[in-house]
Each structure stands twice: as C-alpha cells, then as structure tokens.
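Here is my note on the structure, set out as numbered points. Please read it with the sequence and the model side by side.

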Amino acid sequence: MNETTLHTEGLRLGYGSRTVVDGVSVRIPPGRITMVVGPNACGKSTFLRGLARLLGPVAGAVYLDGKDICSLPSRQVATRLGILPQSPIAPEGITVVDLVGRGRHPHQGWFRQWTPADDEAVAAALAATGTLELAERPVDELSGGQRQRVWIAMALAQRTDILLLDEPTTYLDVAHQVEVLDLLADLNASEGTTVVAVLHDLNLACRYADHLLAMKDGRVVAEGPPADVVDERTVTELFAMPCRVIEDPVSGTPLVVPVGRHHVRKTAADAPASASSGPR
Amino acid sequence: MTCAPPDAVRSVARARGRGAARVRAVSAALALAVLAMFTLSLCVGDYPIGLGDLIASLTARGTPAVDYVVHRLRLPRAELAVLVGVAFGLAGTIFQQVVRNPLASPDVIGVASGASVGAIALIALAGVSGPPLAAGALAGALLTAAAIYLLAWRRGVTGHRLALVGVGVAAGLNGVVSFFLTRTDVKVAAEGLLWLTGSLYGRADHVAPLAAAMAVLVPAAFLLGRSLRALQLGDDSARGLGVDAERRRRALLLVAVALTGAATAAAGPVAFVAFVSGPIAARLTRGAPGLLPAALVGALVTVTADFAAQHLIPGAQVTVGVVTGAVGAPYLLWLLAVADRGGRRR
C-alpha cells in the first residue's frame with residue numbers, strides 16, 4: 001500500500017512581492033483523495049504548484065516523506081509525485097502514444113532507454129483511461145474530454161504514489177467531469193494512489209473527496225471529511241454567498257444549493273427552520 | 001493498473017514501433033540523399049569526373065589532375081556544406097522546440113545577425129580573414145543571444161516574446177552591419193558582403209575548425225536534446241517530469257548558439273537553413289521531429305542549395321545563401337500569414 005507522505009509547514013508562496021499562499025501547514029492523507037476548494041484567486045492553484053515544487057516557497061517548506069522537496073533531486077521526486085498542470089501544451093502533430101510515453105521520462109536516464117516495462121506502463125495508463133483505441137491518433141484531433149483523459153494517462157504512466165491535478169475537469173461537460181472523477185476514484189481504489197485535486201465544483205468535490213481543504217485569501221480555513229467541513233455557515237463565509245446545504249440524493253454527501261437574489265421561492269413552508277442564511 | 005492486458009501492451013509497442021520505424025526510415029532516406037548530392041557535387045563541374053575516377057581519387061589511387069579538383073576544390077566545399085547544414089539544422093530545431101515557436105530560429109531572431117556583426121567588425125576594423133573570424137562570430141552570437149534572453153526575460157521567457165525581441169534585435173544588428181560596410185574600404189566591404197550572403201567558395205581552411213567544434217557540440221546537442229521531449233510540454237509539465245526546465249533550456253540554447261556561431265563563422269549566415277530544417281523534418285516524420293532528421297535535412301538543403309548555386313544558372317555562379325534565401329523567404333511569409341500570436345499554426 002501507499003506509504004509516501006506529503007505535508008507542508010508554514011508554506012508561504014508568492015509571485016514577486018505578492019504573497020498568494022500564506023502560512024499553510026497541512027498533512028495530505030496518504031492513499032486518500034483530497035480536494036482543494038475555494039473561491040477564485042484564493043491561492044488554491046498556487047498551493048498545488050507549491051506542493052509539486054513547481055514554485056519554490058518564500059517561507060516554510062513542502063515535505064515529501066519527511067524531506068524538504070526542494071532538497072531532493074527533481075527526477076527522484078518525479079518518480080513519486082506526478083502533477084497534471086492546468087494547461088499543459090501538446091506539441092503539434094504528436095500522437096497519443098508518444099505523449100503518454102513522455103510520462104516515462106523520469107524513469108529513463110542518460111543510458112537507460114525505452115524498455116518493455118515502459119510499454120507496459122503506457123498500455124496500462126491507456127487502458128485505465130479508456131484511450132487505448134486512440135493510441136495512434138494525433139492529440140490535436142481529439143475532443144476536449146478525450147484530450148483530458150490522455151493527459152491523465154500521461155500522468156498515470158509516470159506511476160507515482162501521489163498524483164496532483166490542477167482543475168482536471170475545467171472545460172469539460174458534466175458527463176466528462178464525472179467520467180474523469182470516476183477515473184481518479186478508480187485509480188485511488190485500485191492502486192492506493194494519493195490524489196490531490198483542485199476543483200471548482202464544490203458538489204463534485206464533496207462527492208469524490210475523502211478529505212477537503214477549503215482555502216480563502218491564501219489560507220486553509222477548514223479541512224476534514226466533506227460532511228464535517230461543509231455546512232451552510234462555512235460555505236457562506238467561504239464564497240460570500242448565502243446557500244443551503246442538503247443531502248446529495250445520489251451519494252449522501254453534502255450538496256450546496258446557492259441562493260441568489262432571484263428565483264427564490266417565497267413560501268414559508270419551503271424554508272426549513274434551521275436555515276440561517278436564507279433569503280432576506 | 002499494475003498489469004495491462006497483454007494485447008494492449010503489444011498494440012502500444014506496435015504503435016510506438018511504427019513511429020520509431022518512420023523516423024528511422026526518413027533518417028536513412030535523408031542520409032542517402034545527402035550522400036547522393038555530396039557525390040554529385042564532387043562529380044559535376046567544368047571538369048567532369050566519373051564515379052570510377054572519383055572513387056579512385058578518394059582511395060588515393062587517382063591521377064594528379066583529378067586529385068587536385070577533388071581534394072583541393074570540391075571535397076572541402078562539399079564537406080563544409082554538410083557540416084554547416086548539420087549545424088544550422090540542429091541549432092534551428094533546438095531553438096524552435098525549446099522556445100516552442102517556429103519563428104524562433106537563430107537566423108530569424110538575430111543570433112546569426114550577432115555572429116555577422118562579430119565577424120564583420122573583425123573584417124572591417126582589424127582586417128582579419130579566415131578561421132580567426134570564428135572567434136568574432138562566436139562572441140557576437142553569444143552576446144546577442146544573452147542580450148535577447150535578458151530583454152525577453154519577465155519572470156521566465158515565453159516563446160512569442162523571445163521571437164519578437166529577437167526580430168527587433170536582428171533589425172538593429174543588420175543596421176550595425178550596414179554601418180561597418182559603408183565605413184570601410186570598398187575592397188574590404190566587398191569581401192564582407194560576399195561573406196554576408198553565405199558562401200562556401202574558397203573556405204577550405206574553415207573545414208577543420210568547424211569539424212573540431214562540432215565534434216564537441218553535436219554530441220552535446222543530442223545528449224541534452226533528450227529533455228526536449230519533456231520541455232515541449234510546457235515548463236510546469238517538464239518540471240513535473242523531473243526536468244529542471246530553466247537550466248536545461250539555457251544549456252540547450254547555449255549549444256545551439258555555439259553551433260550557429262561556429263557555422264556562421266565558416267560560411268556566413270546561410271539564410272533560412274536553420275529556419276526550415278526542423279519544420280521540414282517534422283513534416284517528413286509526421287510529428288515532433290527528433291534532432292537527427294532535422295540535422296540531415298539541414299545538410300541536404302545546404303548541399304543541394306550549393307549545388308544549385310553553382311550549376312543552376314549556366315555561366316553565372318551565385319552563393320549558396322542566395323538560393324536558400326530565395327526558398328526560405330516565401331516560407332517565412334507563409335508562416336507569418338498563417339501563424340497566430342503565439343506562433344503556432346492556426
């Protein structure tokens with residue numbers, strides 16, 4: 001089972017003089033799915049880039065298996081921790097099998113070239129993401145959903161214990177979003193891979209996460225299982241938006257129903273007595 | 001995940017094998033074509049030499065007349081064409097792939113212009129000619145590349161900013177070249193101008209220095225070039241795959257700049273060879289090109305262009321740079337017409 005641990009201590013990240021993430025100390029539960037949620041510009045993507053050592057800390061540190069991730073050789077880190085950035089670039093004309101094969105880069109050295117083990121890892125990644133039949137197609141020609149699955153396949157081919165994903169469902173329709181999240185859940189269940197994903201959709205995050213990190217203004221304001229973290233008050237504070245939280249009829253996890261200024265039913269019978277942040 | 005179905009593994013191995021086989025086949029065909037053009041340029045000329053005589057001469061059994069034409073006149077020129085072509089082909093592809101922009105080849109973004117300024121300055125100010133020009137060209141290329149990199153730097157370097165800054169720098173440097181030419185003696189200026197159009201004529205003494213430089217630079221390019229596969233996916237992906245993107249990019253660009261400087265010193269800035277080699281190789285291999293096909297395309301383009309320059313117009317010889325310029329300029333216009341702001345094809 002997966003023993004690789006990832007935690008941060010007093011992590012502060014920024015660009016130039018602007019601090020984006022300020023003093024975050026968290027432990028990512030190994031072998032579980034962690035979702036990072038929060039409003040726009042709360043620093044969640046920057047936090048993920050910091051976790052993946054794509055951005056060096058201004059203060060504090062990220063620890064992989066107890067060692068400062070910036071002190072470890074980058075290639076060695078890449079065999080244990082993989083990252084799918086928000087907008088990766090596919091070179092023009094590249095085929096799916098070539099792209100996914102590049103996930104094997106950290107396992108190859110100056111002298112160790114392509115081996116049958118690499119073919120095996122690529123085939124397994126393609127099979128797991130349902131992209132095997134696309135193997136020889138150029139990535140340019142794929143639909144958004146297919147392309148996202150191919151990128152995830154590349155991350156899977158890297159065969160790491162920890163997989164970080166920055167908004168893996170952006171630009172996908174709801175069916176493809178669920179498909180991608182199911183894929184991550186499968187991976188977590190079958191391999192014990194630790195998954196950390198930044199997700200916009202709070203409800204899907206609640207459904208798929210074992211552990212939720214809620215961020216606001218560069219800080220983690222709440223963390224824990226979704227059922228413990230997500231209540232009306234927390235969500236209202238987090239997003240500065242009144243809402244109601246009900247039980248997701250499908251999964252039994254919290255379901256956030258936003259309350260805007262329009263289209264709110266006026267009848268008193270519909271408003272539960274406990275609604276603390278209903279329409280005024 | 002731990003085990004994939006065996007037929008899936010087989011089909012992946014097959015798909016990968018087909019891609020690799022295509023690259024091998026294209027490379028072999030290109031190598032044969034280079035060899036054919038090389039041989040042709042040794043045989044054809046005012047003093048035609050048959051294949052038998054050529055082989056005899058190359059194996060040290062030739063007649064003095066044939067030996068003179070082959071070893072003194074034609075062989076150095078053909079060798080130089082191949083070396084220069086390989087150097088420009090590699091340098092151009094490395095630039096284009098590292099910067100992820102087809103416009104960002106050293107002859108378009110001013111690195112070759114920097115080499116020209118270095119060499120012309122030596123010609124005009126110090127009266128230097130021959131192999132010592134390499135020092136000036138190399139210094140010019142390195143300084144220019146460093147200047148472009150720093151000017152384009154804004155918390156990292158992006159492709160289109162580097163290309164734009166480079167095109168601006170190239171324009172400025174071409175002005176400097178003109179300045180030197182107008183300020184010197186007509187005879188010196190004529191020599192400088194000939195060098196500037198990119199010529200392989202009478203450059204026999206440049207072969208050995210260029211070969212020596214490339215004996216170091218070409219293996220370095222191929223070794224470092226392996227991380228191009230990761231760098232092409234963007235900096236974040238490359239770092240995620242364990243490649244120190246910034247450092248590796250600088251090392252690759254340094255090698256490419258040195259190749260540009262060395263080749264420019266030997267033959268002048270042979271227009272557009274660096275610019276077209278990578279894209280042609282990509283078309284032939286259908287996908288992201290390796291360095292080997294691009295290097296071979298560079299050699300083939302240069303040898304063929306030099307052959308055309310010597311023999312295409314009867315009675316009139318033009319320089320190799322005129323031919324490659326005539327072919328490369330329309331391609332540049334086409335690319336500018338179809339490329340978007342990021343330099344990718346629409």
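1. Of the 346 residues in chain B, 53% are buried, where buried means under 20% relative accessible area, exposed over 50% and partly exposed in between, with a 1.4 Å probe and protein chains only. For chain A, the buried share of its 280 residues is 51%.

2. On the source: this is a predicted model, in which local features need pLDDT of at least 70 and side-chain atom pairs count only at pLDDT 80 or more, while totals for chains, interfaces and linings use all residues. Residues are numbered from 1 along each chain as its sequence is written, chains are lettered from A and ligands numbered from 1 in the order in which they are written, and side-chain values use heavy atoms, with hydrogens and water left out.

3. Chain B has 14 helices and zero strands. Helices (H or I, at least four residues) and strands (E, at least two) are DSSP runs, numbered from the N terminus. Chain A has nine helices and 13 strands. The radius of gyration of chain A is 20 Å, close to the 19 Å that the globule rule gives for 280 residues, so chain A is as compact as a globular protein of that length. This radius is taken over C-alpha atoms, and the rule is 2.2 Å times the number of residues to the power 0.38. For chain B, with 346 residues, the value is 21 Å, which agrees with the figure near 20 Å for a compact globule.

4. Along the principal axes, the C-alpha trace of chain A spans about 70 × 45 × 35 Å, and the C-alpha atoms of chain B fill a box of roughly 70 × 50 × 35 Å. A contact means heavy atoms within 4.5 Å. Among contacts between residues at least 6 apart in sequence, 65% in chain A join residues at least 24 apart; in chain B it is 73%.

5. Is strand 4 of chain A mostly covered or mostly open? Strand 4 (residues 33–37) is mostly covered, with five of its five residues buried. Ile33(A), Met35(A) and Val37(A) lie on one side, Thr34(A) and Val36(A) on the other, and all are buried.

6. Strand 4 of chain A runs parallel to strand 9 (residues 194–198) of chain A, joined by four bridges; two strands pair if DSSP finds at least two bridges between them. Opposite Ile33(A) in strand 9 of chain A stands Val195(A). Strand 4 of chain A also pairs in the parallel sense with strand 10 (residues 211–216) of chain A, over four bridges. There, Val37(A) has Ala214(A) as its bridge partner.

7. The second largest pocket has a volume of about 960 Å³. Of the 36 residues that line this pocket, the closest to its centre are Arg100(B), Thr158(B), Asp235(B), Asp236(B) and Arg239(B). On a 1 Å grid over the protein atoms alone, a pocket is an open set of points where a 1.4 Å probe fits, with protein on both sides within 12 Å along at least five of seven lines; lining residues have an atom within 4 Å of a point. The volume is the space filled by probe spheres set on the points, which are joined across faces, edges and corners.

8. Which helix of chain B gives the most to this lining? Helix 10 of chain B does, with four residues.

9. Ala146(B) is in helix 5 (residues 133–152) of chain B. At 39% relative accessibility, Ala146(B) counts as partly exposed.
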